[in-house]
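Colleague: I would like a close look at a single part of this model. Please start with the loop you find worth a glance, then take me to the metal site.

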Amino acid sequence: MRKILKWIGIVLAALVGLIIVAVIGSLVYGSASFKRTYDRPVYEIQADTSPEGVARGEYLVRTVIACGGCHGAGEEDLEKVSGPLVGDFEEFSDGPFSGVFATPNLTSDRETGLGDWTDAEIARAIREGLDNEGVELVVMPSAEFHGLSDPDVAAIVGYLRSLEPVRNEIPPFSANAFVKAALAIGLFGPRNLTEPITALQTSPPSGTAEYGGYLLGLAPCAFCHGENFAGGPVPDAEPGSPPAANLTPAGELAGWTEAGFIMTMRTGATPSGRGLDNDFMPWTVFSNMTDVDLGAIYKYLQMLPPAEP
Ligand code: HEC
Ligand code: HEC
């Protein structure tokens, strides 16, 4: 009996030791790998500042991708989406995690915004997740924007360049050792840093299901509806919020026509007459998407394998 107890003691001590080593290891690794600098050539992109380019950029930024949800100023999420893109910051503290969640000012102010960045550096930040000095961006979801075509990223940069420069000092994004460790071991999801872009990127032909997939890769739909679009509980939602609907053919959409889908996205009322609450399903953000683009999204969703959350 004494012997068994002794062995249990040794095993427990070894386990505790291992856990301590793993935690210290993650903390050290997290600090060492946080916002590392990469020496990479910048892929050449020139802002499309033609009226069509700026309009295309505005459409992508405001209606499809909703960059303002993070970079916009405002109290409520929906206000931020359409608010001025002057950045925002907030101190956070959740259990062992604390820091300052800060999204940069995207206007062309030279001291507090992107005024001194080249077009290509802005495009690289969006698609590759590195700032103008090659420092890794840790929250900016560049992996989602990696597939943006050259003309579309040029249009986005053109739109950002067209914004009135606004002076708005934003502190740097900062995080304590636990946040850094969690980022390093992928607790908050995969890294946003992507492979370098070295050759022309194009998008699929407009109106096709493939083009719908291209748009769904950029828009925030999958954040709530899931990577496989089967719906389920929305991440970080208040308790009691409705789950996101299943958008695959296993859900209600299987019985909708393309016109019915477009009408739902435009009016927030489904073909069966159910109203979608904008606070949970932010349809007003997407309601100005073109018929062609919504039609392409519908075609893509109908082609998905039926799936359950
Ligand atoms: C989920 C929130 C989120 C979304 C959505 C988002 N960003 Fe960011 N972005 C950030 C954060 C946070 C940073 C800086 C900190 C970091 O990631 O390390 C950043 C950094 C950037 C930078 C680099 C600026 C600098 O001063 O370092 C650019 C440019 C940028 N974002 C543009 C965009 C554009 C354009 C969109 C929409 C296509 C967009 N972002 C969508 C959160 C977001
Ligand atoms: C912030 C989370 C969120 C985002 C972003 C979001 N949705 Fe939703 N969506 C929901 C929720 C939650 C519901 C269910 C609402 C309800 O039951 O009232 C829903 C419902 C729907 C419905 C109704 C389906 C049905 O069977 O009634 C459609 C269609 C839809 N979303 C499409 C989209 C598309 C397309 C996008 C991206 C362009 C998108 N959603 C982005 C959360 C979201």
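Modeller: Start in the loop between α10 and α11, where Asp236 is found. Keep in mind that this is a predicted model. Asp236 is not a glycine, yet its phi is positive, about 60°. Asp236 is exposed, because its relative accessible area of 77% is over the 50% cut-off.

Now the metal site. Two protein residues serve as donors to the iron atom of ligand 2: His225 through NE2 and Met281 through SD. They lie 2.0 to 2.2 Å from the iron. These two come from distant parts of the chain, 56 residues apart. His225 belongs to helix α10, residues 221–225. Met281 sits in the loop between α11 (258–267) and α12 (283–286).

Next, the geometry. Six donor atoms surround the iron atom of ligand 2, and the angles they subtend run from 87 to 179°, so the arrangement is octahedral.

How buried or exposed are the two protein donors? His225 has a relative accessible area of 9%, so it is buried. Met281 comes out at 19%. That also counts as buried, because the limit is under 20%.

One more loop residue deserves a look. Lys35 lies in the loop between α1 (2–33) and α2 (51–65). Lys35 is not a glycine either, and has a positive phi of about 50°. Its relative accessibility is 25%, so Lys35 counts as partly exposed.

Notes: Residues numbered from 1 in each chain as written. Chains lettered and ligands numbered in written order. Predicted model: local features only at pLDDT ≥ 70, side-chain atom pairs only at ≥ 80, totals over all residues. Heavy atoms only, no water. Donors = N, O, S within 2.8 Å, 3.2 Å for Na, K, Ca; no water. Tetrahedral: all angles 85-135°; square planar, octahedral: opposite > 155°, others 65-115°. Helix = DSSP H or I, 4+ residues; strand = E, 2+ residues; numbered from the N terminus. Buried < 20%, exposed > 50% of the residue type's maximum accessible area, 1.4 Å probe, protein only.
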